[in-house]
There are 2 protein chains.
Amino acid sequence: MKKIAVLGHGVVGSGVLTVLEKNRSQVERALGEPVEVKYILDRRAFPGLPYSDRFVRDFSPIRDDPEIAAVAEALGGVEPAFTFAKECLSRGKSFVTSNKELVAEKGDILLALAQEHGARFLFEASVAGGTPVIGPIRRSLGADRILQVAGILNGTTNFILTKMLREGATLESALALAQKLGYAERDPSADLEGRDACRKLCILASLAFGSHFYPADVPTRGIAEVTPRDAAYAARWGGAVKLIARARRTAGGRAALEVSPMLVPGDSLLAGVGDVYNAVLVTGDMAGDVLFYGRGAGSLPTASAVAGDLIEALSGRREAAPAWGPAEPGLLLPPEEAPCRGYFRTAGLDREGLSLFFPGAFFLEPLEAGEEALITPLATRGELDAAARAAGAAGARILSAFPVL
Amino acid sequence: MKKIAVLGHGVVGSGVLTVLEKNRSQVERALGEPVEVKYILDRRAFPGLPYSDRFVRDFSPIRDDPEIAAVAEALGGVEPAFTFAKECLSRGKSFVTSNKELVAEKGDILLALAQEHGARFLFEASVAGGTPVIGPIRRSLGADRILQVAGILNGTTNFILTKMLREGATLESALALAQKLGYAERDPSADLEGRDACRKLCILASLAFGSHFYPADVPTRGIAEVTPRDAAYAARWGGAVKLIARARRTAGGRAALEVSPMLVPGDSLLAGVGDVYNAVLVTGDMAGDVLFYGRGAGSLPTASAVAGDLIEALSGRREAAPAWGPAEPGLLLPPEEAPCRGYFRTAGLDREGLSLFFPGAFFLEPLEAGEEALITPLATRGELDAAARAAGAAGARILSAFPVL
């Protein structure tokens with residue numbers, strides 16, 4: 001019998017209790033012994049539940065109980081989760097979390113602490129909810145050098161962009177629908193501004209490169225500037241506009257990270273990922289392209305990932321080394337040096353004029369007289385920005401500008 | 001330093017040597033120490049390679065060398081692989097394989113033997129090549145009851161069916177192209193007849209249900225009876241014809257397994273999986289639908305999966321229990337009791353006449369006068385077969401009959 005605690009009885013925390021209760025025999029079979037939830041930490045009271053007597057409002061009984069072998073955290077935010085995690089790991093208690101902010105900001109510290117004390121710090125649920133991504137990259141692709149990770153990591157924005165593409169909806173109307181359906185939070189700014197996707201990207205990139213990346217260092221653009229017109233041009237081109245979080249290994253061994261709306265070619269596995277689904281495309285130097293796809297959120301799917309990690313943590317298995325170490329100075333490529341193709345939507349200058357600034361560009365059939373949409377050949381971000389500024393000085397109005405995946 | 005042996009220097013075996021050599025530092029980082037290939041078993045001589053001096057023609061030095069901690073097998077076929085596996089595992093040496101026939105026929109025995117001797121028997125590469133499937137089901141979805149596994153598990157037949165759907169190619173012409181491109185073997189019968197997909201299905205189903213399934217017990221149809229006309233009707237319906245390997249948990253807790261060409265609805269994640277790609281759609285009771293997608297074959301992708309398993313096996317981690325146990329008598333649902341919708345293409349009887357035998361059927365717009373294509377409501381396979389026989393007795397010629405996914 002293994003005893004654990006669950007921190008937070010919200011959407012994910014209550015889901016963990018459901019999974020462990022409903023699939024009790026499955027969990028026992030996988031682990032070799034039963035799991036009992038001894039404590040649930042929450043400031044609120046939840047009377048009338050079969051486990052109402054296990055609620056505590058203070059962390060210290062959990063921390064100080066030697067019977068507790070692992071703790072599942074679903075509080076969200078860096079504090080107090082970080083303090084709780086340190087107190088658990090330094091006592092040899094494993095810590096399992098769905099909290100992407102905690103992992104993206106403090107992952108290297110907690111991984112090192114876990115290793116030092118023979119405990120585990122696991123976070124499958126922090127990226128893509130119930131879809132396995134972290135475990136497969138860490139284990140199944142353990143012999144691969146990861147060349148690229150590119151994902152649709154935020155369900156809310158993917159839902160909005162899908163509505164824009166398929167129905168010509170505006171951002172505002174699609175967001176209102178997402179909120180009505182419970183897909184978007186009342187304050188959706190972390191989703192819309194790309195910060196949620198950026199945290200998840202940092203986790204995946206840290207895993208792929210073996211050293212920590214911080215969200216504050218990653219160029220991040222949200223979907224505010226995407227218009228239904230851009231979605232229509234993307235469709236005309238045979239592709240789609242998606243909020244893509246991407247980490248690439250560049251020729252010089254550096255890492256290029258960014259979160260941005262991108263034009264995704266129709267033959268990319270990511271182009272067809274619609275609605276609230278998430279997908280992560282991982283390119284290994286040996287395995288090639290591998291895609292993981294599923295619901296990126298939801299109480300039970302996310303709780304399923306937490307429970308899978310709990311089984312792993314309670315198994316007593318150890319890691320040979322932490323999944324990643326501290327940030328390496330100089331590893332991150334300056335954004336202006338990152339190579340990509342660019343999509344520009346412009347007005348005020350004709351094709352001939354635009355071609356002077358975007359030589360070799362491919363022009364899409366305009367959807368409105370006086371407008372032009374073009375896709376450039378490969379260049380650095382800095383070169384593309386300079387070309388757009390020069391075209392602007394010559395009379396072009398840049399209506400939209402996004403990278404191409 | 002961990003020492004291993006590789007059995008077989010063919011497509012996969014030589015790939016394993018390439019992965020371990022090229023990604024030496026990655027493997028060392030993941031495992032915490034380096035891996036050295038001490039022996040390569042092959043009847044042939046390979047002069048002029050950097051590791052030519054490590055070839056042996058006899059298995060006994062590998063078996064008897066206490067330094068060998070794990071063995072990677074890529075010989076194919078049940079024997080001598082089964083004998084070698086037993087000899088390794090009973091000496092506490094872990095055994096990693098890409099050999100689907102071995103796992104599908106002898107998995108329960110080898111898993112039990114590994115458990116008994118504190119070794120590991122791992123086989124990620126046996127299903128979907130370099131695409132992680134086995135590990136994620138076993139670990140990340142460890143707290144889920146798996147309700148269904150449905151996959152496109154054979155790249156050769158998927159290539160042929162994709163050519164049929166997109167270009168109206170015949171089976172013969174598409175097969176010839178697949179052979180020219182190196183996607184199909186000279187004797188493609190195991191692929192075309194569904195036996196390859198069936199072995200992989202048995203592995204996935206054994207994992208999902210926790211007890212062994214044998215290929216001989218699973219109803220298996222190949223793609224010989226699929227015509228370009230069926231592909232055209234599937235497209236008209238908005239879907240595709242795919243060779244689907246499916247295991248379902250039925251209402252009574254039994255297992256329904258089958259390999260068959262199926263009509264796949266356009267909104268299924270599997271409908272868009274084209275060319276030589278493989279995909280496995282796993283439905284967990286908590287995680288919901290999760291898709292794993294990638295190349296199902298190839299030297300380096302498959303070797304990447306073998307190498308990932310080698311790292312896991314050499315880590316010294318143990319399983320709490322074997323991934324599955326012996327076959328459970330009575331678990332398998334008789335095929336005629338399995339519920340599904342049916343697709344029928346017929347001639348010789350009009351819609352009115354057909355509707356007597358297939359009440360509630362949905363008729364597709366005919367592609368040729370005198371032909372009808374219909375999709376039935378949900379029924380058991382036995383009921384559908386009986387209806388087809390009755391329609392035949394009333395003058396209908398059944399030109400094609402496949403289940404609907």
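Two strands pair if DSSP finds at least two bridges between them. That criterion matters here across the chain boundary. In this predicted model, strand β11 (residues 288-295) of chain A is joined to β11(B) by 5 bridges. The two strands run antiparallel. One position fixes the register for the eye: Val290(A) has Gly294(B) as its bridge partner in β11(B).

Now widen the view to the whole interface. On the chain B side, 48 residues are in contact with 48 residues of chain A. Several elements of chain B each supply at least two residues of the side that touches chain A. They are α2 (24-31), α6 (134-138), β11 (288-295) and α12 (299-314). Which element gives the largest share of that side? It is α12(B), with 9 residues. The make-up by class is mixed: the side of chain B that touches chain A has 23 nonpolar, 16 polar and 9 charged residues.

Turn next to chain A as a whole. Chain A has 14 helices and 16 strands. Its radius of gyration is 23 Å, close to the 22 Å that the globule rule gives for 405 residues, so chain A is as compact as a globular protein of that length. Along the principal axes, the C-alpha atoms of chain A fill a box of roughly 75 × 45 × 30 Å. Of the 405 residues in chain A, 55% are buried. Here buried means that 20 or more other C-beta atoms lie within 10 Å of the residue's own. The contacts tell of the chain's path too. Take those in chain A with a separation of 6 or more: 74% of them are between residues 24 or more positions apart.

Finally, follow one set of strands within chain A. Strand β14 (residues 371-375) pairs with strand β12 (residues 339-347) of chain A in the antiparallel sense, over 5 bridges. β14(A) also pairs with strand β13 (residues 362-364) of chain A, again antiparallel, over 3 bridges. Look at Ala373(A) in β14(A). Arg345(A) stands opposite Ala373(A). Leu364(A) has Ala373(A) as its bridge partner as well. What links β13(A) and β14(A)? They form a hairpin with 6 residues between the strands. In that hairpin, Gly370(A) takes a positive phi near 90 degrees.

Terms used: Residues numbered from 1 in each chain as written. Chains lettered and ligands numbered in written order. Predicted model: local features only at pLDDT ≥ 70, side-chain atom pairs only at ≥ 80, totals over all residues. Contact = placed C-beta atoms within 7 Å. Helix = DSSP H or I, 4+ residues; strand = E, 2+ residues; numbered from the N terminus. Nonpolar A, V, L, I, M, F, W, Y, C, P; charged D, E, K, R; others polar. Rg over C-alpha atoms; globule rule 2.2 N^0.38 Å. Buried ≥ 20, exposed ≤ 12 C-beta atoms within 10 Å, placed from the backbone.
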